[in-house]
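Let us walk through this structure together, one region at a time. Please keep the sequence and the 3D view open as you read.

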Amino acid sequence: MSEDVAVMQAPVYLQYHFTAGRAPTRFLRRLKEGVLSGQRCPRCSQVYIPPRGSCPACGVATEEEVILSDKGTVQSFTIVHIPIPGNPIDPPYVVANIVPDGANISFIHLLSECDNREVRIGQRVEAVWRPREEWTWAMENILYFRPLDEPDVAVERIGTLPVTGLEG
Amino acid sequence: MAERAAVVGIGQTRYKSKRQDVSMAGLLREAVDRALADAGVSFDDIDAVIMGKAPDMFEGVVMPESYLADALGAVGKPMLRVHTAGSVGGSTAIVAASHVQSGSFRRVLAVTWEKQSESNAMWALSTPQPFAVHLNAGAGGYFAPIIREYMRRSGADPNTGIRVAVKDRRHGARNPLAHLQLPDITEQEVADSPMLWDPIRFLEACPSSDGACAMVIAAEDALSGDKPPAWIQGVAMRSEPTMYAGREEVNPQAGRDCAADVYAQAGIRDPRRELDCAEIYVPFSWYEPMWLENLGFADEGEGWKLTLSGATSLDEGGDIPWNCSGGVLSSNPIGASGMIRFAEAARQVRGDAGDHQVPGARKALGHAYGGGAQFFAMWVVGADRP
């Protein structure tokens, strides 16, 4: 039987300098003003948030900026029962894939002010923003999303609502 | 493919949560020495070494290949590292096979590994990113919403995931190399295990493992060893972006295309009937019914019924046993997990799978996926020369 080899702790730290590029820079500047924005693909007309300056499906550059709503629809979600490394949030918490009105793709964010057992695919939600003086170049300007008192969106319509939401 | 190629040697370590008795090089060498012995060859007979592992941050060792050349007998030979996230084990086998099929080399050593105990893969998958909130809770947090959508659209029996979790651990109890040895696991135990990422429970998720898997792949004129070769009858890889508007995340196009390609090469029209077994990358139990559909074993929305019927269970005498080795749910040294699927498919058609052998298996599918279910690698191996 061989002896265990020595194990030592050697922590690794990474600090990034991230060059946002033109499209994400516009997105982050809007975000600092409390506005969600995306870009429309000139070929497939799909609107992406966050915009990365190109359409991943078509592989073409995107230029047209689109202002989005801070209301959206739950595309899917998970209820997380374990802590996130480096994040102080207490489990269980709901992480939802949310499609903002006017966009065709989801991002993840917290869903709060709700009974976790009543969260569902197609549920309407809206952003709860931090106080204006705390806004910076980050999605954390939105504290979380909370349920809206609106009818659920049919599954086949999720990801297709206009910026005006259900009324559109 | 130009040249015929076959697996002539397979070597695996025992999979466990911590292999603190060996260094990373020592862990790899254990699998490699076994593969060489199985093939009846030595390092002198190897023309090139292809290695693969998951992201460096999973172990906190950057570019481990730079110090592994001598331990792997690669000095003075071509050495190449492959990286396609969780599917890397499969891609590494395919890169090795392609180097033989192309006629570039006669005998290639392929090796993959992960020593998860040396770092924290969940942390490595949960780093903050610019312009997104920091809510990445490991791979389970990413896949749970996709599983939820599968459950919704298929109307699957909610116990399907529990069934798979039990089946694969019972399979794993037949495999002395498997990390988890849970011969007496029950559905109640799985149902009672803590919810991690709803709907994924603790016992419906894969473990974190240390381990390595190696193979020797040889050209037809370089076969060796005492066991029958596992002939490579088809190889395919596909990829797609992680996110795009309208992406089919439950049943990814890249997976369907990859399966169609590998079946066409192997002359397979009906995978459920024509394959004898399959080793499929199922890190979360619900991915069995999802991949049954993606890979054409069941119609869309019907995969869970196949699982519940016992068709994929060796213990229940199913007609298309999946993951007889115990699968990723029983052992998950991430970088190696895909290759283990490919190697276990080869063991089956060599008739060398021990207590988890499917009687008379002559044709098997090995499968791996990675990233946001966006990288796919598959091969079909058979007892018959193509």
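Strand β4 of chain A, residues 71–80, is joined by two bridges to β5 of chain B, and the two strands run antiparallel. To find this pairing on screen, look for A:Ile79, which stands opposite B:Asp198 in β5(B). Bear in mind as you look that this is a predicted model.

The strand pairing is a good place from which to survey the contacts between the chains. On one side, 31 residues of chain B take part, and they are in contact with 36 residues of chain A. Which elements of chain B give two or more residues to this side? They are α4 (121–124), α5 (138–154) and β5 (195–198). The largest share comes from α5(B), with seven residues. Sorted by class, the side of chain B that touches chain A holds 20 nonpolar residues, alongside six polar and five charged ones.

Stay with B:Asp198 for a moment, since there is something else to see at this residue. A cis peptide bond joins B:Asp198 to B:Pro199, with omega at about 15°. B:Pro199 itself lies in the loop between β5 and β6 (200–201) of chain B. Chain A offers a cis peptide bond too: this one joins A:Pro91 and A:Pro92, and its omega is about -5°. You will find A:Pro92 in the loop between β4 and β5 (93–100) of chain A.

While you are in chain A, have a look at its open sheet of three strands. The order is β2-β1-β3, with antiparallel pairing. β2 (47–48) and β3 (65–67) stand at the edges; each has a single partner strand, so one side of each is left without a neighbour in the sheet. Two bridges join β1 (residues 37–40) to β2(A) in antiparallel fashion. A:Gln39 is a handy marker here, because it stands opposite A:Tyr48 in β2(A).

Now let us step back and take in chain B as a whole. Chain B has 13 helices and eleven strands. Its C-alpha trace spans about 55 × 45 × 45 Å along the principal axes. How does the radius of gyration of chain B agree with that of a compact globule? For 386 residues, such a globule would have a value near 21 Å, and chain B has 19 Å, which agrees. Of those 386 residues, 60% count as buried. Sequence separation adds to the picture: among contacts in chain B between residues at least 6 apart in sequence, 79% join residues at least 24 apart.

Moving inward, we come to the largest nonpolar core, which has 167 residues. The members that touch the most other members are B:Ala110, B:Val111, B:Met215, B:Ile217 and B:Val381. Helix α13 of chain B, residues 334–349, gives the largest share of this core, nine residues. B:Val381 is a rewarding residue to select in your viewer. Leaving aside residues up to four places away in sequence, B:Val381 touches a list of partners that includes B:Val7, B:Trp231, B:Ile232 and B:Gly366. Also among them are B:Ala345, B:Ala346 and B:Val349.

Two backbone details in chain B are worth a visit. B:Met63 and B:Ala373 each have a positive phi of about 50°, although neither is a glycine. B:Met63 sits in the loop between β2 (48–52) and α2 (65–68), while B:Ala373 is found in the loop between β10 (363–370) and β11 (375–382). Are these residues buried or exposed? B:Met63 has 9 C-beta neighbours inside 10 Å and therefore counts as exposed. B:Ala373, by contrast, has 26 other C-beta atoms within 10 Å, so it is buried.

Our last stop is B:Glu220, in the loop between β7 (210–219) and β8 (230–239) of chain B. With 14 other C-beta atoms within 10 Å, B:Glu220 is partly exposed. Not counting residues up to four places away in sequence, B:Glu220 touches B:Glu3 and B:Arg4. B:Ala6 is another residue to pick out here: B:Glu220 and B:Ala6 are 214 residues apart in sequence, yet 7.2 Å apart in space, C-alpha to C-alpha.

Notes
Residues are numbered from 1 along each chain as its sequence is written. Chains are lettered from A and ligands numbered from 1 in the order in which they are written. This is a predicted model: local features need pLDDT of at least 70, side-chain atom pairs count only at pLDDT 80 or more; totals for chains, interfaces and linings use all residues. Two residues are in contact if their C-beta atoms, placed from the backbone, lie within 7 Å. Helices (H or I, at least four residues) and strands (E, at least two) are DSSP runs, numbered from the N terminus. Ala, Val, Leu, Ile, Met, Phe, Trp, Tyr, Cys and Pro count as nonpolar, Asp, Glu, Lys and Arg as charged, and the others, Gly among them, as polar. A residue is buried if 20 or more other C-beta atoms lie within 10 Å of its own, exposed if 12 or fewer, and partly exposed in between; C-beta atoms are placed from the backbone. A nonpolar core is a set of buried Ala, Val, Leu, Ile, Met, Phe, Trp, Tyr and Cys residues joined through C-beta atoms within 7 Å. The radius of gyration is taken over C-alpha atoms; the globule rule is 2.2 Å times the number of residues to the power 0.38.
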